[in-house]
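User: Could you take one part of this model and walk me through it slowly? I'd like to know what it pairs with and which way its side chains face.

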Amino acid sequence: MAADWTPPPGASHEMVCEAETSSEALFVCMDEACARRVVVGKSRPRLTVIDRGDFSARHVGSLGGVAVDEVSVA
Ligand SMILES: [Zn+2]
């Protein structure tokens, strides 16, 4: 009976903006073992995952008016 699976206590990774255009920003995870990368749309809510990295971790980051909080984004 393995019906109850409890996620491990979520690690929290910080993402920083590595590059940006007028419409999009590239965020990279600071954790070297993870190296998650996502592109976030500025003008409209949009998130494209380039490298999943450690998707069990919580990734947060911010850039000016753009906030990244992808707790439930796989
Ligand atoms: Zn990470």
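Analyst: Let's start with the whole chain. Residues 24 or more positions apart account for 32% of the contacts in the protein with a separation of 6 or more; a contact here means that two C-beta atoms, placed from the backbone, lie within 7 Å. Keep in mind that this is a predicted model: local features need pLDDT of at least 70, side-chain atom pairs count only at pLDDT 80 or more, and totals for chains, interfaces and linings use all residues. Residues are numbered from 1 along each chain as its sequence is written.

The protein has six strands and zero helices, so reading from the N terminus you get β-β-β-β-β-β. Both kinds of element are DSSP runs numbered from the N terminus: helices are H or I with at least four residues, strands are E with at least two. Of the 74 residues, 15% count as buried. Buried means 20 or more other C-beta atoms within 10 Å of a residue's own, exposed means 12 or fewer, and partly exposed is in between, with C-beta atoms placed from the backbone.

The part I'd pick is strand 3, residues 37-41. In a regular strand, side chains alternate between the two faces of the sheet. In strand 3, Val38 and Val40 make up the covered face, while Arg37, Val39 and Gly41 sit on the uncovered one.

Now the neighbours. Strand 2 (residues 24-29) runs antiparallel to strand 3, and five bridges join them; strands count as paired when DSSP finds at least two bridges between them. Glu24 stands opposite Gly41 of strand 3. Strand 2 also holds Leu26, whose C-alpha is 5.9 Å from that of Val38, although the two are 12 residues apart in sequence. Leaving out residues up to four places away in sequence, Leu26 touches Arg37 and Val39, along with Cys17, Glu18, Ala19 and Glu20. Leu26 counts as partly exposed because 18 other C-beta atoms lie within 10 Å.

Then there's strand 4 (residues 47-51), antiparallel to strand 3 and joined to it by four bridges. These two strands form a hairpin, with five residues between them. Both residues of the covered face have partners there: Val38 is bridged to Val49, and Val40 to Leu47. Strand 4 itself is hardly covered, with zero buried residues among its five.
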